[in-house]
Protein chains: 2
Amino acid sequence: MIDQNIKIAVDAIVFGYEKGTLYVLAVQQRFGKLADRWVLPGGFILDDEPLITAVERELKEEAGITVSYLEQLATFGDDIKRDDRFRVISVAYFALVNPKNFVLKADTDAKDAKWFPVAQVPTLGYDHNEMVKLAHQRLKSKLTYQPIGFDLLDHEFLFSDLENLYCSILERDIDRRNFRKKILSFGIVKETDKVVKIGSSGRPGKLFVFDKPKYHQLLKENFQFDIRFA
Amino acid sequence: MIDQNIKIAVDAIVFGYEKGTLYVLAVQQRFGKLADRWVLPGGFILDDEPLITAVERELKEEAGITVSYLEQLATFGDDIKRDDRFRVISVAYFALVNPKNFVLKADTDAKDAKWFPVAQVPTLGYDHNEMVKLAHQRLKSKLTYQPIGFDLLDHEFLFSDLENLYCSILERDIDRRNFRKKILSFGIVKETDKVVKIGSSGRPGKLFVFDKPKYHQLLKENFQFDIRFA
DNA sequence: TAATTTTGTGTTGTTTTTACACAAATTAAA
DNA sequence: TTTAATTTGTGTAAAAACAACACAAAATTA
């Protein structure tokens, strides 16, 4: 008979983006050994609860949000002593959300919930900084072969928003003309007839939307989203 | 206090390649409810054992092999009723090995161990067919952006071996000249001065080797392995 | 009304990719 | 021993994709 004394948890690395800055969501623990420490949202799963449901539940409970993109990242199985009594294995999830869509509010176990710029994430509990690092890499590479940037933007966005998102997350310059040409060539971004001047000065721009159904249709026809630059 | 009644297992999807055919390793269970059923090699982890160590141990125990490439694939957390008494969550690992390097021998829990052509994998226990499917996709896509094909070949190989491997795993035709040109342009495959005529007729070919140190050096210089075809 | 900011747009040279065929070295068969 | 069959090895040209680049238009602010 199997005698195992290991518990399973899930953790989420949730990225948000706003005005050229990429953020990660962290929560401050209320209870336990690590009270007051910042950690990733997450927690133990219930016996009859699918992993992904557990993540969604914890995000709702600890930060009051529902993400728009969620996928499994990796399982962190070694060196974790979350508790003295047993080993914990944590399944980490990668998530994206538009921070504008929610007001963070810590509920149950969390004392506080907060967005940290990825460049200034404090030392988190457990091995959570490692998770953030891995998730950050995943975001960077995924951005180039899957149209997930749209999950970080408003439904309607300026082309410059998309361009700035790519610039700031990938940390490189992008040629505006080539970028626009490329994205438009895919046919998955549609121009609306709305024109908007946001904030300060400058010529007003047209708003665009991501045509998700079109993207999924193209996928069936072997379309391959791919944005790379030199 | 956390009251969880879930056990953790690891499973491995081990691919082998020989003469144009891709194989997956399966073992036949000796004990338990699924006695005689074919399943992926794997099993429960020990309390103080890293996940990857558990995989290596099980592969050794159940099939007598040591793989040459091993990475985490995904964690299968839902719908598993391996045992009536508790839920099982399994961390699946993706592995590659050259079948020539080992003679399969079932040891401990396994009655038998066997290579199945991927196209003819029988119905396996648990959700293992799903794991094989996911691993197969991973292999296909990874082949295009990481030089892992060499882990499936002999240390010294003919260019045609490499080409056939790509053809058969990716299931498409490849232009021999363009393929060779591209691979050689990377500078990670070296020509030896050995010439060999294998098996049947035809002009003898030169043997090549994968220059792993060179590859890792190039990686540091932002080299990106990439093989794609129309 | 002049200066500043931001959007929008095309062309050209360079590089990469694709398509394609025949000679050389060997074995097997006539 | 000649002929057929098999497999390796190699180059070029056309097409496509990529990279680099600058200025006018629409608005705000000074």
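A polar contact is a pair of N or O atoms within 3.5 Å; within protein, one must be able to donate a hydrogen and the other to accept it, and residues adjacent in sequence count only if both atoms are side-chain atoms. The model is predicted, with pLDDT of at least 70 needed for local features and 80 or more for side-chain atom pairs, while totals for chains, interfaces and linings use all residues. Residues are numbered from 1 along each chain as its sequence is written, chains are lettered from A and ligands numbered from 1 in the order in which they are written, and side-chain values use heavy atoms, with hydrogens and water left out.

**Exercise 1.** Describe the protein surface around DNA strand C.

Solution.
Step 1. Collect the residues near the strand, that is, those with a heavy atom within 4 Å of it. There are 24 around DNA strand C, and A:Ser160, A:Arg176, A:Arg180, A:Gly202 and B:Lys182 come nearest. Of the atoms of DNA strand C within 4 Å of the protein, 47% are in sugar and phosphate.

Step 2. Sort the residues by class. Ala, Val, Leu, Ile, Met, Phe, Trp, Tyr, Cys and Pro count as nonpolar, Asp, Glu, Lys and Arg as charged, and the others, Gly among them, as polar. The surface near DNA strand C then has 13 charged, eight polar and three nonpolar residues.

Step 3. Assign elements, where helices (H or I, at least four residues) and strands (E, at least two) are DSSP runs numbered from the N terminus. At least two residues each come from α4 (176-186) and β10 (205-210) of chain A and from α4 (176-186) of chain B.

Step 4. List polar contacts. On the backbone of A:Lys206, a polar atom is 3.0 Å from a phosphate oxygen of DNA strand C. Base nitrogens of DNA strand C are approached by polar side-chain atoms of B:Asn178, at 3.0 Å, and of B:Arg203, at 3.3 Å.

**Exercise 2.** Repeat the description for DNA strand D.

Solution.
Step 1. The strand has 22 residues around it, with A:Lys182, B:Ser160, B:Arg176, B:Arg180 and B:Lys206 coming nearest. Sugar or phosphate makes up 47% of the atoms of DNA strand D within 4 Å of the protein, and bases the rest.

Step 2. By class, 12 residues of the surface near DNA strand D are charged, seven polar and three nonpolar.

Step 3. The side chain of A:Lys182 places an N or O atom 2.9 Å from a phosphate oxygen of DNA strand D. For B:Arg176, a side-chain N or O atom is 2.6 Å from a base nitrogen of this strand. B:Arg203 uses a polar backbone atom, 3.1 Å from a base oxygen of DNA strand D. Two or more residues of this surface come from α4 of chain A, and likewise from α4 and β10 (205-210) of chain B.

**Exercise 3.** Relate chain B to chain A and describe their interface.

Solution.
Step 1. Superpose the copies by least squares on the C-alpha atoms of residues with pLDDT of at least 70 in both. Chain B falls on chain A with an RMSD of 0.0 Å after a rotation of 180 degrees and a shift of 0.1 Å along the axis. The two copies are therefore related as by a two-fold rotation axis.

Step 2. Count contacts, meaning heavy atoms within 4.5 Å. In chain B, 28 residues are in contact with 28 residues of chain A. The copies meet through the same surface, because 100% of the interface residues of chain B are also interface residues in chain A.

Step 3. Compute buried area, the accessible area (1.4 Å probe) that two parts lose on being put together, summed over both. Chains B and A bury about 2400 Å² between them, and carbon and sulfur atoms give 50% of it. B:Ile2, B:Gln4 and B:Asp47 supply 25% of the area that chain B buries against chain A, more than any other three residues.
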